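Please open the model in your viewer and keep a selection box at hand. This tour moves from the whole chain to single residues, naming at each stop what to select and what is there.

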Amino acid sequence: MKLHQLDLNLLLAFDALMTQRNVTRAARQCFISQPAMSHALNRMRQFFEDPLLVRSATGMQPTGRAQALHQTVRQALELLEQELGREDSFVPATSNRRFVISTTDYVECVLIPPLIRRLQAEAPGIRIEIEILRDRLPEQALANGEVDLVLGFDEYMEVPGSLCTETWLTEPLAGLVAREHPRVGEKIPLAQLTELPHVFHSPLGTRESIVDTWLASQGLKRSISVNSQSYMSAAAIVSQSDHLLVLPHKVATMLAAALPLKTVALPEDLPAYHLNCVWHPLHDRQPALQWLRGLLRSLI
């Protein structure tokens with residue numbers, strides 16, 4: 001099977017069929033007639049010696065060969081589209097570009113506010129859309145441009161080697177307790193860290209963090225009474241109880257200024273968080289994304 005034997009226009013038809021799972025809609029996407037799309041599908045079936053898409057009660061279903069083939073075809077088409085539509089320059093002051101950042105509430109609290117202030121002064125037409133990072137890295141969305149950057153702690157992300165990544169920040173941990181907590185001073189020793197009840201901030205719904213891993217290496221375990229996916233709700237609980245909340249130092253300082261809370265030092269051996277920026281190599285040289293990465297890096 002040789003590439004020169006394949007009409008490359010069929011790859012566009014194949015991508016449309018895999019996306020739409022319907023011959024009529026795929027034909028409309030490619031601006032051809034339905035019979036022409038059906039003919040293209042038959043030619044591809046002969047070339048690849050595989051049914052590729054099979055009719056079912058819920059629409060056309062791809063075969064295993066089609067699914068594997070589509071991933072490669074889509075990447076090749078995206079690379080061509082990127083090169084053909086590549087920006088020769090990017091002028092932030094006049095751009096109305098929308099950037100999508102997948103991230104955690106830490107970045108929303110700490111990094112996005114100063115970013116918006118800078119954009120108002122330097123690039124008022126640019127829009128920022130935040131998508132909360134879930135338990136899986138949005139690798140496909142990074143590839144097809146639906147998400148421009150991912151910003152998150154390495155604790156929450158396993159980054160494939162195929163993606164570009166930089167560590168931008170090492171963030172130490174701090175404790176947060178009620179301002180009038182009767183048993184906690186300026187620093188929490190290790191024994192008290194395991195004794196106090198904890199509110200566990202878990203933005204991705206996980207049940208352990210680097211704190212628990214580190215304690216386990218010491219043969220210790222903490223007592224988690226409450227799991228919360230929101231910094232604000234976790235801090236509100238702590239402000240009205242005798243619980244302890246362990247979280248990155250910058251957020252702890254912000255919350256202590258907004259609620260009746262105080263920050264306390266933790267054992268020095270506790271590990272720190274590492275904030276990573278992740279993007280797809282397909283878009284590595286895109287001027288707009290190079291500018292955004294540079295701006296965010298300077299703010300950090």
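Accessible areas here come from the Shrake-Rupley method with a 1.4 Å probe. By that method the protein chain exposes about 15800 Å², of which carbon and sulfur atoms supply 51%. Please bear in mind throughout that this is a predicted model.

**The whole chain**

Begin with the full chain in a cartoon view, where the secondary structure comes to twelve helices and twelve strands. If you orient the C-alpha trace along its principal axes, the spans to look for are about 80 × 45 × 30 Å. The radius of gyration is 25 Å, whereas a compact globule of 300 residues would have a value near 19 Å. Colouring by accessibility will pick out the buried residues, which make up 46% of the 300 residues in the chain. Should you display contacts between residues at least 6 apart in sequence, 76% of them will be found to join residues at least 24 apart. For a view of charge, select the 28 positive and 32 negative charges of the protein chain, whose mean positions lie 6 Å apart.

**Strand 10 and its partners**

Next, select residues 244–248, which form strand 10. Is this strand enclosed or open to the outside? Five of its five residues are buried, so strand 10 is largely enclosed by the rest of the structure.

Add residues 173–178, which are strand 7, and you will see this strand pair with strand 10 in the antiparallel sense over four bridges. Within that pairing, Leu176 stands opposite Leu245 of strand 10. Then add residues 197–201, which are strand 8; this strand runs parallel to strand 10 and is joined to it by two bridges. On that side, His198 has Leu244 of strand 10 as its bridge partner.

Stay with strand 10 and select Val246, which is found in this strand. Val246 has a relative accessible area of 11% and is therefore buried, the cut-off being under 20%. Leaving aside neighbours within four places in sequence, the residues in contact with Val246 are Leu173, Ala174, Leu193, His198, Val199, Val211, Arg222 and Leu266. A distance drawn between the C-alpha atoms of Val246 and Val177 should read 9.1 Å, although 69 residues separate the two along the chain.

**The loop between helix 3 and strand 1**

Now move to the loop that lies between helix 3 (34–48) and strand 1 (53–56), and select Glu49 there. Most residues other than glycine have a negative phi. Glu49, which is not a glycine, has a positive phi of about 55°. Glu49 is also exposed, with a relative accessible area of 71%.

In the loop between helix 3 and strand 1, select Leu52 as well. Here too phi is positive in a residue other than glycine, with a value near 65°. Is Leu52 buried or exposed? Its relative accessible area is 0%, so Leu52 is buried. With residues up to four places away in sequence not counted, Leu52 touches Met44, Arg45, Gln61, Pro62, Thr63 and Ala66. Measuring from C-alpha to C-alpha, you will find Leu52 and Arg65 at 6.7 Å in space, with their positions 13 residues apart in sequence.

**Two further stops**

Select residues 223–228 to bring up strand 9, and within that strand pick Asn227. Asn227 is partly exposed, its relative accessible area being 41%. Its contacts, not counting residues up to four places away in sequence, are with Phe200, Thr206 and Arg207. To place Asn227 against another part of the chain, draw a line to Thr194, which is 33 residues away in sequence and 16 Å away by C-alpha atoms.

For the last stop, go to the loop between strand 4 (127–132) and helix 7 (139–144) and select Arg136. Arg136 counts as exposed, at 68% relative accessibility. A line from the C-alpha atom of Arg136 to that of Ala40 spans 36 Å, the two being 96 residues apart along the chain.

How values were computed. Residues are numbered from 1 along each chain as its sequence is written. This is a predicted model: local features need pLDDT of at least 70, side-chain atom pairs count only at pLDDT 80 or more; totals for chains, interfaces and linings use all residues. Side-chain values use heavy atoms; hydrogens and water are left out. The radius of gyration is taken over C-alpha atoms; the globule rule is 2.2 Å times the number of residues to the power 0.38. Buried means under 20% relative accessible area, exposed over 50%, partly exposed in between (1.4 Å probe, protein chains only). Contact means heavy atoms within 4.5 Å. Lys and Arg count as positive and Asp and Glu as negative; His and the chain ends are not counted. The place of a charge is taken as NZ of Lys, CZ of Arg, CG of Asp or CD of Glu. Two strands pair if DSSP finds at least two bridges between them.
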